[in-house]
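Visitor: I would like a close look at one part of this model, the packing of one helix against its neighbours, and then at how that part sits in the rest of the protein. Please take me through it in one connected account.

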Amino acid sequence: MAAPAAAASSGSLPKLATFAGEPVAKPAMDAIPERARSLATKTYRPVFWHDDMLFLIDQRALPTDFELTSCNTVAMVGECINLMVVRGAPAIGAAGAYGLVIGARKALSDGGDLAAVVAAAKAAKVELDAARPTAVNLEWATARMAAIAEALAGIDGMTADRLTSTLLTEAHELCDLDVRTNMAMSRFGADLVPEGANMLHHCNTGALATIDFGTALGVIYECHAQGKGVHVWVDETRPRLQGARLTAWELMRAGVPMHLIADGASGGLMRAGKVDVVVFGADRVAANGDTANKIGTYTMCCAARENGVPAYAVVPTSTIDLTVPTGEGIPIEERSGDEVRCIKGAQVAPEDCPVFNPAFDVTPAKMITGIITEMGVCYPPFAVSLRKAKEAAEEAIKAEWDAKLAAVRAGSA
Ligand SMILES: CSC[C@@H](O)[C@@H](O)C(=O)COP(=O)(O)O
């Protein structure tokens, strides 16, 4: 095999240290206010705005420590996304939306006019989009915010101040939309899960990866809430252990019966008939249904197909990218070899051992039973069903926004 081009293809991403204790730009505040901390421990929202400041749960520290970071520059938000202080496709989208607001607010506080504020928001989009390449939710959220900034700027009588505060409201709205989306997907997904099912889950797709509830984990929470008596096999998800550190933590807090398993154990469990359904999230779904998700998803789906176990991706329509025809076109992030050489800072491989560390893989559409979205469950041919779901969702969002825009216009007249 040709040597993987680890260093070459990491592009402009900075070289990372091990994932615990990675330096992040100094938080914007030396001490996190007690009120923000208590809000975080009440809601467990990974991304929230409090007292004119963006706060993030530092997911690298869980489950042993619960830490918050505050951000007051676009660069800090980008760094927190890149270093995975905040992670999970919808959560990084939400962080990106607030990042745009931070860019606009800085231009405003520097005395910028309407044009300067819009330019700052657009510049923030470019900077934030570069933080992580695979999850399209980031670009989706920043594109939505940039389009809102432009539309507002075109309204007679609009001021820089009003535009900036409306952008903040829209970032909150984007989070609220994620909650509604997760709840809808969870209900559609739960309908497909039999009573007493053994479910297999990869990575973390729960409240920490989204805003409340989650995608695939949302389906599991909903099954549990409906009293279906499900049990979950939780893949540990090397190298960054999102399953062991985050999903196990979430499920145990929620009282959902579960066992943590080594990633390599899932195939044997499926062969032994101990898995009834596989559920996972996604970072980008191509127009034909090819699905990029956390590394190891493809292997899990191969074993599912071989053993006749249904495998469902649980995906908000914001994760569907109709501009990419097939999985071939999905950019796959490659991360530092230290993530594989070390576990939470402890070296587990020879120092400087050559490593290839793609963060995601692509599961071909033919291996996926169904793709659960907030608009309903999409089945093959995915090229048709995904387009329908995506277009319906975008139309609903546009109609809502057009109505809001008309109200803003009327208020400005
Ligand atoms: C709702 S989360 C869907 C995906 O974002 C999730 O499965 C995943 O792969 C997260 O990867 P991560 O690298 O932890 O950001």
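Guide: In this predicted model, α7 and helix α8 (residues 216-225) pack with their axes 8 Å apart and at an angle of about 65°, and the crossing in which α7 passes α8 is right-handed. On the α7 side the contact is made by N182, M185, S186, R187, G189 and A190, and these meet G218, V219, Y221, E222 and C223 of α8. Sorted by class, the residues of this contact of α7 with α8 comprise five nonpolar, four polar and two charged.

A further partner of α7 is α6, and here the two helices pack at an angle of about 145°, with 10 Å between their axes. The crossing of α6 and α7 is right-handed. From α6 the residues A141, R144, M145, I148, A149, L152 and A153 take part, and they meet L163, T166, L167, E170, A171 and L174 in α7. The contact of α6 with α7 divides into 10 nonpolar residues, one polar and two charged.

To place these helices in the whole, one has to turn to the domains. The protein is divided into domain 1, which consists of 21-180 + 394-412, and domain 2, which covers 183-390. The centres of domain 1 and domain 2, taken over C-alpha atoms, are separated by 26 Å, and the contact between them takes 29 residues from domain 1 and 31 residues from domain 2. On the side of domain 1 that touches domain 2, the elements that give two or more residues are α4, α6 (136-153) and α7 (160-190), so both helices of the pair just described appear in that list. The largest share of this side, five residues, comes from α4, and the residues of the side as a whole divide into 17 nonpolar, six polar and six charged.

Since α4 gives that largest share, its own packing deserves a look as well. The axes of α4 and helix α5 (residues 114-129) come within 8 Å and cross at roughly 140°, in a crossing that is right-handed. The residues that α4 brings to this contact are G96, G99, L100, G103, A104, K106, A107 and L108, while α5 brings A116, V117, A120, A121, A123, A124, K125 and L128. By class, the contact of α4 with α5 has 11 nonpolar, three polar and two charged residues.

The helix α4 also leads to the ligand. The ligand is surrounded by 17 residues, of which the closest are R87, A89, A209, G281 and K294, and the elements that give two or more residues to this shell are α4 (89-109) and β9 (291-294). By class, the shell around the ligand has seven nonpolar, seven polar and three charged residues. Both domain 1 and domain 2 give residues to the shell, and the ligand therefore lies between them. Thus α4 contributes to the shell around the ligand and also to the side of domain 1 that touches domain 2.

A few points of backbone geometry lie in the loops. Most residues other than glycine have a negative phi, and most peptide bonds are trans. Against that background, R238 and P239 are joined by a cis peptide bond with omega of about 5°, and P239 is found in the loop between β5 (231-235) and α9 (242-254). Another cis peptide bond joins P380 and P381, with omega of about 0°, and P381 has its place in the loop between β16 (376-378) and α13 (382-412). D51, although it is not a glycine, has a positive phi of about 55°, and D51 is placed in the loop between β1 (47-50) and β2 (53-57).

Seen as a whole, the protein has 13 helices and 16 strands. The radius of gyration of the protein is 21 Å, close to the 22 Å that the globule rule gives for 413 residues, so the protein is as compact as a globular protein of that length. Along the principal axes, its C-alpha atoms fill a box of roughly 65 × 50 × 45 Å.

Conventions
Residues numbered from 1 in each chain as written. Predicted model: local features only at pLDDT ≥ 70, side-chain atom pairs only at ≥ 80, totals over all residues. Near = placed C-beta within 6 Å. Helix = DSSP H or I, 4+ residues; strand = E, 2+ residues; numbered from the N terminus. Nonpolar A, V, L, I, M, F, W, Y, C, P; charged D, E, K, R; others polar. Domains from an automatic or database assignment. Contact = placed C-beta atoms within 7 Å. Axes fitted to C-alpha atoms, helices over the stretch in contact; angles between N-to-C directions. Left-handed = near helix turned anticlockwise from the far one by under 90°. Rg over C-alpha atoms; globule rule 2.2 N^0.38 Å.
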